[in-house]
Structures are given as C-alpha cells and as structure tokens.
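Colleague: Hi! I'm new to this one. Could you walk me through it?
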Amino acid sequence: MTAPTTPGPFGALREQLTAAAGAFAGGPDAVAEILAGMVDDVDRALGEELEIFPVCHHSPSSALAMVRRLRAKQPKVIYLELCEDLQPLLGELRNCRLPVAVQAFASELEGFPADWGPLSVVAPITEASAEYQAVAYASETPGVELVLVDRSTDHVFQWLPRPPGAAEEAPSGGDVEAAAPAGEEAALHGDAVGVEIGDLRPRFAELEAHLLHHGKVRHWSEWWDQYVEQPLADADHDTYRQVMVLIGSLFRRLRPAGSDARDRDEDRERHMWTRMRQHLAASGADPADCLYVCGAFHAASRVEQFGLRADAPFDIGPRTGTRWHYGLIPSSHSAIEAQFGLAPGSVSIAAATWTKAVARTGLAPFRLEGQRGGRTRAAGRRRAPAAPAPAAAVADRLSGYLAQPPAAQGLDEAELRGWCVDIVRLARRNGYLASTADAIAVFETSILLAGLRNRARPTPYDFADAAVTCIEKDVVPGRRDVRRLCEILFGGDRIGQVGYEALPPLARDVHDRLAPLGLDLEKRAIQRALVDLRASPELVPCSDLLWRLRHLLPRDAVRPVMGERRLGHRSIQESWDLALGRNQRALIELGYEGVTVEQVLEQRLRRAVRGTDATASVALEAVEDAIRLLDSPRLVDELGTRAVELLAAERTVDDAPEVLRRVRRLLAHHRATGPLPAWCEAFVTTGYAHYCTLLPTAFLDEDSGVRQVGAMLGFLFGMESLAISLGCDRSQLELAVAQCHPQAPAKVALLWAARHQLGLLPLAELRERCAALLANPLVVPAFPQYLSGFVQALEPVPGLAGFVVEVMSSAFARLPDPVLLPWLPTLITTLRAHGAELVPLLVREAGRTFPGSLAALDAWVPPWSAPTPPAPAVAAVGSGPLTALLAANPQSVDAVAALLGCDGGWREGNATADAVPAGLTALLAAHPESADAVAGLLAAIPR
C-alpha cells in the first residue's frame with residue numbers, strides 16, 4: 001500500500017520511521033515498507049467514520065480502556081466481533097458465575113463430512129475482558145443495542161479448508177496439549193473449536209521466537225504482559241487505540257502470504273463490515289453514536305469492504321441444513337489457557353491484575369444485574385450518566401509513546417512480602433518443608449530475576465520462577481507443585497457455573513426430579529446420596545433417573561457405590577456419589593438432544609442399532625439396556641427385531657461370544673418373567689440356521705479364532721432344544737459338522753468335541769486319539785493348542801470337563817521333563833489367551849477328581865486308570881402282566897432297542913399271569929376301586 005498524498009497527523013512519524021529504516025538497511029527495503037504501512041494502517045483505522053475499538057482477548061488493559069471509553073462516549077449501538085447467532089445467549093450471562101463459555105453444538109450434520117461430528121464452538125467470557133464490559137453496558141443501559149457481526153457458527157466450519165481429494169479431518173480446538181495443564185478443569189471445553197475476540201499473537205514463528213529471546217521470557221503471554229499490558233494499563237484512549245492498531249498491523253503484515261488462515265480472517269472482516277453497513281441502513285443509527293469492538297488484528301484490515309463508505313459487495317452464503325443447539329457451559333481459567341495456547345496461570349494473573357487495577361484507579365466496571373459469584377455495587381452509589389464527550393480530532397500519540405520508556409513503577413515491598421509469606425504457607429499445607437528462610441529467599445530471588453529481565457518490579461511470572469527455584473526440591477510431596485500453588489495464590493483456577501435459570505429444559509428437569517434427595521446438585525464437590533427404596537418408596541423415581549444418567553453421562557458424574565441394576569434385579573438400598581456440578585457441561589450438552597432423559601436415552605438406543613457399525617451384539621446390548629432402564633415393551637420389541645436383522649446380515653463370527661452371552665441372559669430373563677417374545681424366538685431360529693451355514697467356513701478361516709468357533713457351537717448346542725421346538729431341523733447341524741475340515745490344532749479339538757456331542761465320536765475313541773497325539777513327538781509341541789480347543793469346547797460341551805482334566809493329567813504323567821518344562825509356558829499362555837473364563841470350570845472339576853488330602857494321594861488311583869469292573873449279572877425278569885403285554889406286542893421295544901443300538905433278542909420265559917406276586921393280588925383285591933376305574937376307561941374306548 002502506498003503512502004497517502006496528504007501527510008495527515010502521522011506524517012512526521014511515517015517519515016521518521018522510513019528514514020530510520022533506510023539508514024539501518026542502507027537503502028529502501030521491505031522494512032521501510034512495513035513500517036510505513038503500519039503507520040498508514042493506524043491512520044486509516046482512526047480516520048474511519050465508525051469508531052473502531054481494538055481489543056485483545058482476556059486483556060485487563062483492554063477491559064479498563066473499554067470501561068473508560070463506554071463511560072465517556074456512551075454509544076447507542078455496539079458492534080461486537082462474535083458469532084452473530086450467539087446473541088440470544090448473552091442475556092443469560094447474568095444467571096451464571098463467570099467464567100462461562102457460550103456454545104453452539106450440532107450432532108446431526110447436513111452439508112459437512114459425517115466424521116466431523118459432533119461440531120462444537122465455544123466462546124469463553126471472563127469478567128476481566130472487554131467483551132463482557134460491552135455486553136454488560138449494553139444490557140444494563142436503556143436504549144443501547146448490541147449487535148454481533150461476526151460470521152455464524154455454521155460458517156465457521158463452512159470456511160474451514162477442505163482440499164479436494166484429501167481425507168477429511170475433524171476440526172479441533174488446536175494442538176494445545178503441550179501447553180495445557182493437566183486436570184479435568186483444563187478439559188471443560190472438550191474438543192470444541194474456540195472463537196475469541198482479539199487474538200493477538202504473531203503468526204510468524206521467527207518473530208515470536210525473537211521477541212521471547214530478547215525479552216528474556218518463556219511464553220508469549222509473559223512478553224505481552226510486560227511490554228503491552230503494563231504500559232497500556234493507565235494509557236489514555238487515543239494512545240491505547242493507536243498502539244493496539246499498530247501491533248495488530250505489525251502481526252498482520254508479518255503473516256505469511258497466501259495462508260488459509262489469512263483468507264478466512266479477511267472473509268470475516270468482509271462479513272463484519274457488510275453486516276454493520278446493513279444494520280446502519282436498516283436502523284438509521286448515526287455512526288457517531290456507534291462503537292465497533294473487534295480484535296486489533298482486524299482493526300488494521302485492508303480489505304476492500306473496510307469502512308462505511310466502501311461499496312465493494314460481499315455475498316454471505318446461506319447456512320447449511322445442520323441444526324445447531326445453543327447454550328452456556330462452565331469454563332475455567334485453565335480451560336481458556338488450554339483452548340488458546342496461553343501460558344498456564346496467565347488468565348488467573350490477568351484476573352488478579354484486573355482486580356488490582358480497578359481498586360487502584362477507582363473505576364466502576366459494568367456488571368450485569370444479578371450476576372452471580374461477585375460483589376454488586378449498591379444502587380445508591382450509581383452515578384448519573386455524564387454527557388457524552390465530543391469527538392476530538394485525531395492526534396499523534398504514537399511518537400511520544402514510542403520515543404520514551406513507560407513510567408517506571410517502584411517496588412511494592414508490602415505486596416511482594418505478602419506473596420512470599422502466602423506461598424510459604426501454601427507450600428507447608430501441601431507437604432513442603434518450607435520455612436521463613438524460604439520466604440526471604442523467594443523475596444530476594446524475585447527482585448534479582450526482575451533485574452535480570454530489565455523490570456523495575458517483580459511480576460507474578462518472576463515471583464513464580466523464584467518460588468519454584470527456592471521451594472521446590474527434587475520431588476513433589478503432593479498433587480500440587482509450586483507453580484500450581486502460585487496459580488492458586490494469584491486467584492486460582494476460577495471455575496464458572498451456569499445458573500439454574502440458564503440451563504436447558506432437560507438439565508432443569510434433572511435438578512427438579514432429584515430434589516427429593518435433598519442435595520445441592522450445583523456444587524462441584526462429590527456428594528453422597530443414600531437411597532433406601534424399601535423405607536422411602538418415593539425415591540424410586542430418583543433411583544431410576546440416576547441409573548439412566550449413569551448410562552448417559554461420564555462415568556464419574558453419577559457413580560454407584562452400593563447397589564446394582566441388572567436384568568430381573570433391583571437393589572433395595574443404593575448409595576451414589578454425585579458430581580453433576582463438576583460435569584455440568586456434559587449435562588448441558590445432553591439437553592441439546594432432547595427434553596427429557598428418557599427421550600435422549602431412547603434416541604441413543606435407536607441410533608446405536610441403526611448406525612453403520614451396528615452389530616447383533618450391539619443390538620442385544622441395547623435391548624438389555626432398554627429392559628433395565630426403560631419400561632417400554634414396544635421399544636424392546638423394536639430393538640430385538642433389529643437384532644434379528646443384524647444377525648442375519650452378518651458375514652463374520654467375531655461377535656459370537658458376546659452374542660451368546662447376551663442372548664442367554666435375555667432368554668433366562670424372559671423365561672423367568674413370562675412367555676418368550678416373538679423376537680427372541682426369531683433370534684434363536686435365525687441364529688441356529690445362520691451359524692450352521694457359517695460353521696464350515698469359520699472352521700477353515702484363519703481370521704476366526706477358536707473362541708469365536710466355540711461360541712458358535714455353544715449357541716448351536718445350547719439353543720438346540722429350543723430351536724428344534726420352534727421348527728428347526730437337527731440335520732442342519734449334523735451336515736454342517738460333517739462339512740468341517742479344520743487344519744489348526746485347536747479347531748481340530750473343537751470339531752472332535754462337537755462330533756462327540758452329536759454321538760458320532762465315542763469317548764473311548766476320543767481318548768485313543770489324544771493318547772496317539774501324546775505318543776507322537778512331532779505333535780507334542782502343539783499339544784497345548786489341542787488342549788486350548790478342548791477348553792473352549794467346555795462352552796458347548798460342558799460334559800467334557802472330566803475328560804479335559806484326564807487328558808491334561810495324562811500329559812503331565814507321561815511327558816518327560818525335557819519335553820514338559822519347555823511345554824509349560826506355552827500351555828499357560830495359550831490357556832490365558834483363549835480360555836481364561838473357562839479355566840475355573842476345569843479347576844472345580846479337578847477338585848472333584850483329585851483327593852483332598854496328601855495322605856490319600858499316595859493310595860489314589862485315577863478313575864481313568866482303574867480297571868474296568870465286570871459287568872453285573874442281569875437279574876431274571878419276573879413274569880407278570882407287563883412282561884406278558886410286551887412279549888405279545890414287541891414292536892415298540894424292538895424300535896427303541898434299534899434306536900439305542902442294542903443287539904440281542906427276547907429271552908424265553910413263562911409269561912403267564914399265575915406268576916403274579918401274591919402281595920400284589922391281595923392289594924388289588926383289598927382296594928378294587930382303581931382297577932375298576934381303569935377297566936371302565938378301557939371299556940369306554942371304541943373298538
């Protein structure tokens with residue numbers, strides 16, 4: 001940009017800087033152009049018809065200058081750099097304790113990549129900020145209008161770069177993990193994208209490193225406090241404006257050209273100036289009565305839409321169909337620092353600086369009526385508004401400001417001495433062996449560090465460094481180190497809270513429904529709730545709500561200490577640890593999804609079973625949660641039907657163990673409470689046919705583990721009787737087993753167990769095969785895998801527990817030590833990996849098999865090694881009516897014998913009725929009623 005033809009008020013400064021740059025560089029160069037351009041930017045911003053007030057985010061000097069300017073100018077319209085769709089929330093700030101964050105949240109996306117969701121934007125607000133002072137002035141002063149002019153939250157994500165062909169990455173709040181302090185307070189904003197008013201930080205990394213190095217500071221926040229905040233704290237309005245625009249222009253001109261961030265910032269400036277011109281045209285307001293509050297970076301804008309007299313058009317695109325939800329969430333100093341990459345403790349130091357400056361200058365800051373968490377001014381002390389100051393001509397204040405050093409502030413020994421005494425007291429409370437000598441050392445070291453850093457008086461940063469140097473030893477005795485104690489000393493990590501009136505309907509409903517517990521749920525402390533459902537039946541709704549919140553909120557928000565709720569079981573006494581005040585943000589965001597907790601829970605269960613990654617096990621889990629938490633048979637049937645559809649559509653068996661575990665539990669619950677619902681019957685029949693179809697493939701597939709195949713067999717054998725009663729055919733299972741030809745040893749053992757269960761492999765033959773494996777030295781190293789398969793077979797064939805104990809015992813007895821000792825680690829790791837939950841069954845079976853004392857062990861003979869006892873003699877069957885009846889009609893007995901595989905024929909014997917025992921004859925003669933009744937029934941049968 002070329003210099004204007006008229007010198008203006010800054011002509012002398014421009015010439016002076018240009019000459020200095022030329023003398024320094026030996027001729028015209030980029031430095032002279034940058035310096036002249038900075039002066040031009042200041043001249044342009046201050047000559048604009050609409051007064052521009054540049055600010056820096058969370059800056060006490062900006063807040064002080066804002067208070068002075070609002071009281072002097074008394075504008076009728078304030079244009080504020082904040083997302084325009086957040087304006088309805090600003091009135092709710094009076095019901096909150098600052099700091100809080102204004103949030104826009106969207107979970108159902110339309111027009112954005114699906115993997116970006118959920119989208120969240122937060123704008124934190126503290127009392128020591130210029131934007132809060134503007135909001136409070138506009139809200140508490142009649143006739144003043146506040147207009148937010150920045151792009152909407154929808155456009156925040158619309159304007160994010162999306163290169164064609166590149167993988168979409170979800171936006172985040174920035175890579176701030178390195179600078180973020182540990183703790184839950186630092187995560188209050190989550191992964192939301194932060195928007196702030198007045199982001200002043202050099203985008204040129206080399207410049208920032210240069211400033212930090214020569215300023216002898218570690219972090220940008222510390223440099224800003226020393227070289228900008230402190231000199232501008234008591235500056236007049238014109239000096240403040242000119243210096244802030246100059247800094248914004250410098251950072252703007254040193255930003256790399258062609259960056260996406262620069263393009264977005266310029267689009268924001270075009271948007272804001274377009275909105276301001278539209279509002280002025282619609283309202284007819286006088287620009288002299290208006291104030292434009294924006295970041296100093298944007299005050300030095302050079303876009304063609306800058307200024308009220310510009311006529312360059314800018315088309316603001318429509319918003320997407322994404323439905324946004326708006327609310328207030330609690331914030332904290334550490335969360336703000338983590339969100340925007342500030343130095344830990346810098347926001348707390350800024351708050352302390354603001355409080356001290358207000359007390360020193362006697363300024364009366366603006367405050368929302370009824371604001372929580374602070375002192376309010378008495379009504380009698382309010383002053384009548386003074387007449388607005390007339391607009392003065394722009395004068396050059398930069399030359400004097402840049403030519404002379406800031407006024408030196410002497411050492412405040414009383415303040416520093418109080419810091420030293422308080423930090424020693426805090427250190428002793430937190431386990432440090434600090435003493436008066438440490439306080440003296442911290443005092444002297446603070447002064448020394450301030451002198452080394454060219455400071456007239458120690459700053460809080462100097463004091464914190466001195467305290468760490470003098471007090472902190474090799475180890476930290478507690479949870480808090482000395483630097484954290486310094487943050488607490490300067491005001492601590494102040495955590496905001498959203499008041500009841502500003503909560504969404506769902507959150508208020510939760511507070512109302514939990515009121516019978518008699519707890520203050522707004523407190524951040526963990527509170528214990530004791531619920532005796534037998535003595536106080538009116539607390540049953542509270543218990544139901546707590547279990548639903550347990551399912552929806554983070555695990556530490558609602559934690560049961562005593563009591564449980566599972567299928568068919570409800571505790572009569574419960575104990576809860578409640579931390580709803582600490583997890584207020586999660587409860588508020590829950591309110592964006594519905595009006596009641598039950599509605600949100602039902603929506604989430606439906607969404608879980610309809611998602612792209614939904615499986616049959618996920619659907620069964622949703623069914624179980626619906627039964628436990630919601631009294632809705634309709635929803636249970638809907639979710640169960642969806643589980644049947646998902647099971648039929650699955651082409652893998654990865655979730656077979658989870659499916660088996662959950663369906664067994666659900667079947668047991670429904671059998672105990674009533675008839676099986678239709679979806680349960682459909683699930684069993686569908687699963688029986690589905691797993692029979694996938695069984696041969698699962699035995700061969702290397703990706704299907706032995707645990708998954710064992711669970712499939714457990715489903716088929718465990719549900720066989722129910723499936724057959726519902727119309728399934730057992731031949732499906734027999735054909736599926738016959739088609740299985742596994743190669744892996746564990747799956748071979750599983751197949752042998754399945755064939756044994758079907759009666760195709762007798763136990764004697766199975767024992768012979770295992771003995772052959774142990775006798776083959778080439779197979780012995782892989783024998784643990786066979787054992788793993790047998791252990792997994794205990795799920796579908798629990799009757800093999802004794803045989804598995806026998807096989808393992810035989811292996812330990814037969815294998816020599818050189819083979820057994822290398823083999824044991826493999827056996828242990830294999831059982832731990834593939835059969836950890838089934839090993840207790842083996843242990844119990846071994847306890848029943850082996851003797852219980854050491855003395856009995858010497859004479860003990862294993863059951864499988866004991867000689868087979870001779871078959872007992874078959875007693876002769878006495879003659880009688882039954883024998884005669886069966887001998888006369890042998891067809892049914894012959895059919896049963898053929899089915900059981902019994903060979904042999906009928907024995908010859910006397911089957912006459914004369915051999916009837918005398919006792920039976922006497923009994924029937926004494927009591928003929930039963931015989932007569934049977935005879936009557938037989939006589940009534942038609943021939």
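Modeller: Happy to! Let's start at helix α17, which spans residues 482-489; its buried residues are V482, L485, C486, E487 and L489.

Colleague: Which helices do the buried residues of α17 pack against?

Modeller: They pack against α12 (346-361), α14 (413-429) and α16 (460-471).

Colleague: Nice. Let's zoom out: how many helices and strands does the protein have?

Modeller: The secondary structure comes to 39 helices and 15 strands. The protein has 943 residues, and 48% of them count as buried.

Colleague: And what share of the contacts with a separation of 6 or more is between residues 24 or more positions apart?

Modeller: That share is 76%. As for the outside, the accessible surface comes to about 45,600 Å², and 56% of that belongs to carbon and sulfur atoms.

Colleague: What is the mean pLDDT of the protein?

Modeller: Good thing to ask, as this is a predicted model. The mean pLDDT is 81, and 86% of the residues reach 70 or more.

Colleague: Where is confidence lowest, and where is it highest?

Modeller: Going by means, confidence is lowest in strand β7 (residues 193-194), at 55, and highest in helix α22 (residues 616-629), at 93. There are also stretches to watch: pLDDT stays under 50 over residues 172-182, where the model has 17 contacts beyond four places in sequence. Over residues 376-384 the pLDDT is below 50 as well, and that stretch has 7 contacts beyond near neighbours in sequence.

Colleague: How should coordinates be read where pLDDT is low?

Modeller: Where pLDDT is low, the predicted coordinates should not be read in detail.

Colleague: Got it. New topic: which residues form a nonpolar patch on the surface?

Modeller: L886, V893 and W906 do, with about 240 Å² of accessible area together. L886 lies in helix α36, residues 881-888.

Colleague: Why does L886 count as partly exposed?

Modeller: Because its relative accessibility is 32%, and partly exposed covers the range between under 20% for buried and over 50% for exposed.

Colleague: One more. Where does G563 lie?

Modeller: G563 is in the loop between β12 (558-562) and β13 (565-566). G563 is partly exposed, because its relative accessible area is 31%.

Colleague: Which residues is G563 in contact with, leaving aside neighbours within four places in sequence?

Modeller: Those are W547, S571, Q573 and E574. You can also look at V531, which is 32 residues from G563 along the chain; the C-alpha atoms of the two are separated by 9.7 Å.

Terms used
Residues are numbered from 1 along each chain as its sequence is written. This is a predicted model: local features need pLDDT of at least 70, side-chain atom pairs count only at pLDDT 80 or more; totals for chains, interfaces and linings use all residues. Side-chain values use heavy atoms; hydrogens and water are left out. Helices (H or I, at least four residues) and strands (E, at least two) are DSSP runs, numbered from the N terminus. Buried means under 20% relative accessible area, exposed over 50%, partly exposed in between (1.4 Å probe, protein chains only). Contact means heavy atoms within 4.5 Å. Accessible areas come from the Shrake-Rupley method with a 1.4 Å probe; for residues, only the protein chains shown count as cover. pLDDT is the predictor's confidence in each residue, from 0 to 100. Patches are made of residues with over 30% relative accessible area and no salt bridge: like charges are joined within 9 Å, nonpolar side chains (Val, Leu, Ile, Met, Phe, Trp, Tyr) within 5 Å. A salt bridge is a side-chain nitrogen of Lys or Arg within 4 Å of a carboxyl oxygen of Asp or Glu.
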